Amino acid sequence: MTDTLQKFMFEHAGVRGELVELETAWQQMQSHRTYPKAVQIVLGELMAASALLSANLKFDGTMIMQIHGDGPVKLMVVECDDQLRLRATAKLADDAVIEDHETLRDLVHAHGQGRFVITLDPNDKLPGQQAYQGIVPLDGDNIATIIENYMLRSEQLDTKLWLAADNQVARGLLLQKLPHTGGIEVKTENPEEAWDHAVMLGDTLKRGEMLEHNISTLMHRLFWEQTLRVFDPLHPVFHCSCTREKVGDMLKMLGSTEIENTLAELGKIDINCDFCGQHYAFDPVDCAQLFVTSTLADGTQPASNMKH
């Protein structure tokens, strides 16, 4: 099955929308990890939201969403670039015991110290240019509400999100009120009434319905009475950007002393990518090469079933 992101616009209503369906990509991301049900739901919803927002990126680069938690989940990360290539991971506390019913607040904001960070990272930065980073208050009970508040504050865009995920699929709906540009009023019905009507239709969407039906069915059920302009579909994919060279660069940042101490204790250094499970092995010769040449011996091994 091909994962799909469908963009559309309400004719004469000043509202745009997107529906996304992630099944293959979502299952690939989980293929080397087993997450508790409550974590699956939140991470899947975060991934769907990331795809919906990244579909409107105006630069060549990546959107990174990170939730730093103070509960049983210590970190959630979803990355999506302008080509809709996604990867995601979550790190749990060593002693985490997570019940199925636990909410976003239970998982990452139990003591009020959770943080949500959104980073926009261009690939081709100008000299001195830094990635844009925004801290998002966790002032909501779910991913959709938190991102809606962020979009209103940072982009001054009225945005509504409906998200749902389980261990099989992640789906999402985004609606945005189109801003007026250049002081020119587009001939539409009353903008506020049009927006309120679109949101009312979206609010009829239930989580069970989102998980059960594909986005084509959902669009028909929601908007069959509306005149829509529908664009060519886009196709998100799972893609991990890890390489042996990047892992080697990370090891070099630790310094030769740290690496030598680890080798003395373990004999080699084994690293698994948190996003895809790819295993990288560095023996003493590989580690020595890190500091004398840019060419690394081939030490990449197929993804294993190791947990990390």
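**Exercise 1. Glutamate 209**

Which residues does glutamate 209 touch, not counting residues up to four places away in sequence? Place the residue, then classify its exposure.

*Solution.* The model is predicted.
- Step 1: list the contacts. Glutamate 209 touches Thr204, Leu218 and Arg221.
- Step 2: look for a polar contact. The side chains of glutamate 209 and arginine 221 are joined by one of 3.3 Å.
- Step 3: locate the residue. Glutamate 209 is in helix H6, residues 207-212.
- Step 4: classify. Buried means under 20% relative accessible area. Glutamate 209 has 19% relative accessibility, so it counts as buried.
- Step 5: take a distance. Histidine 111 is 98 residues from glutamate 209 in sequence, and the C-alpha atoms are 33 Å apart in space.

**Exercise 2. Glutamate 21**

Is glutamate 21 buried or exposed? Find the partner of its side chain.

*Solution.*
- Step 1: locate the residue. Strand E2, residues 15-22, holds glutamate 21.
- Step 2: classify. Glutamate 21 counts as buried because its relative accessibility is 3%.
- Step 3: find the partner. A polar contact of 2.6 Å links the side chain of glutamate 21 to that of arginine 171.

**Exercise 3. Glutamine 6**

Which backbone oxygen does the side chain of glutamine 6 reach? Describe the surroundings too.

*Solution.*
- Step 1: locate the residue. Glutamine 6 lies in strand E1.
- Step 2: classify. With a relative accessible area of 13%, glutamine 6 is therefore buried.
- Step 3: name the acceptor. The glutamine 6 side chain reaches the backbone oxygen of phenylalanine 231 at 2.5 Å.
- Step 4: list neighbours beyond four places in sequence. Glutamine 6 touches Gly17, Glu18 and Leu19, among others. Its contacts also include Ile215, Met219, Val230, Phe231, Asp232 and Pro233.

**Exercise 4. Aromatic pairs**

How many aromatic pairs does the count come to? Work out the geometry around phenylalanine 10.

*Solution.*
- Step 1: count. There are three aromatic pairs.
- Step 2: take phenylalanine 8 and phenylalanine 10. Their pair is tilted, with 6.1 Å centre to centre and 55° between the planes.
- Step 3: check exposure. Phenylalanine 8 has a relative accessible area of 1%, so it is buried. Phenylalanine 10 is buried as well, at 6%.
- Step 4: take phenylalanine 10 and phenylalanine 223. This pair is edge-to-face: 5.2 Å centre to centre, 80° between the planes.
- Step 5: map that pair on the chain. It links distant parts: phenylalanine 10 is in strand E1 (residues 4-10), phenylalanine 223 is in helix H7 (residues 215-223), and their positions lie 213 residues apart in numbering.
- Step 6: check exposure of the second pair. Phenylalanine 10 and phenylalanine 223 are both buried.
- Step 7: join the pairs. Phe8, Phe10 and Phe223 form one aromatic cluster.

**Exercise 5. Charges over rings**

Which ring face does arginine 87 lie over? Then treat arginine 244.

*Solution.*
- Step 1: arginine 87 lies over the face of phenylalanine 275, 3.8 Å from the ring centre.
- Step 2: the charged end of arginine 244 sits over the ring of phenylalanine 282, 4.0 Å from its centre.

**Exercise 6. Nonpolar cores**

How many residues does the largest nonpolar core have? Find its main contributor and the second core.

*Solution.*
- Step 1: size. The largest nonpolar core has 51 residues.
- Step 2: hubs. Met76, Phe116, Ile143 and Ile147 have the most contacts inside it.
- Step 3: contributor. Helix H2, residues 37-54, gives the most to this core: eleven residues.
- Step 4: one hub in detail. Isoleucine 147 touches Ala49, Leu53, Met65, Phe116 and Leu161, leaving out residues up to four places away in sequence.
- Step 5: second core. A separate core of 23 residues includes Ala194, Trp195, Leu222 and Phe223.

**Exercise 7. Positive phi**

Where does histidine 12 lie? Compare its setting with that of leucine 84.

*Solution.*
- Step 1: recall the background. Most residues other than glycine have a negative phi.
- Step 2: histidine 12 has a positive phi of about 60°. It lies in the loop between E1 and E2.
- Step 3: leucine 84 has a phi near 60°, also positive. Its loop runs between strand E4 (73-81) and strand E5 (85-92).
- Step 4: classify. Histidine 12 is exposed because its relative accessible area is 56%. Leucine 84 counts as buried, at 4% relative accessibility.

**Exercise 8. Confidence**

What pLDDT does the chain average? Locate the stretches under 50.

*Solution.*
- Step 1: the chain averages 88, and 91% of the residues score at least 70.
- Step 2: pLDDT stays under 50 over residues 182-186, with one contact beyond four places in sequence.
- Step 3: pLDDT also stays under 50 over residues 295-308, with 42 such contacts in the model.
- Step 4: draw the limit. Where pLDDT is low, predicted coordinates should not be read in detail.

Conventions: Residues numbered from 1 in each chain as written. Heavy atoms only, no water. Helix = DSSP H or I, 4+ residues; strand = E, 2+ residues; numbered from the N terminus. Buried < 20%, exposed > 50% of the residue type's maximum accessible area, 1.4 Å probe, protein only. Polar contact = N/O pair within 3.5 Å; in protein donor to acceptor, adjacent residues only side chain to side chain. Contact = heavy atoms within 4.5 Å. pLDDT = per-residue confidence, 0-100. Phe/Tyr/Trp six-rings, centres within 6.5 Å; stacked < 30°, edge-to-face > 60°. Lys NZ or Arg CZ within 6 Å of the ring centre and 35° of its normal. Core = buried A, V, L, I, M, F, W, Y, C linked by side-chain atoms within 4.5 Å.
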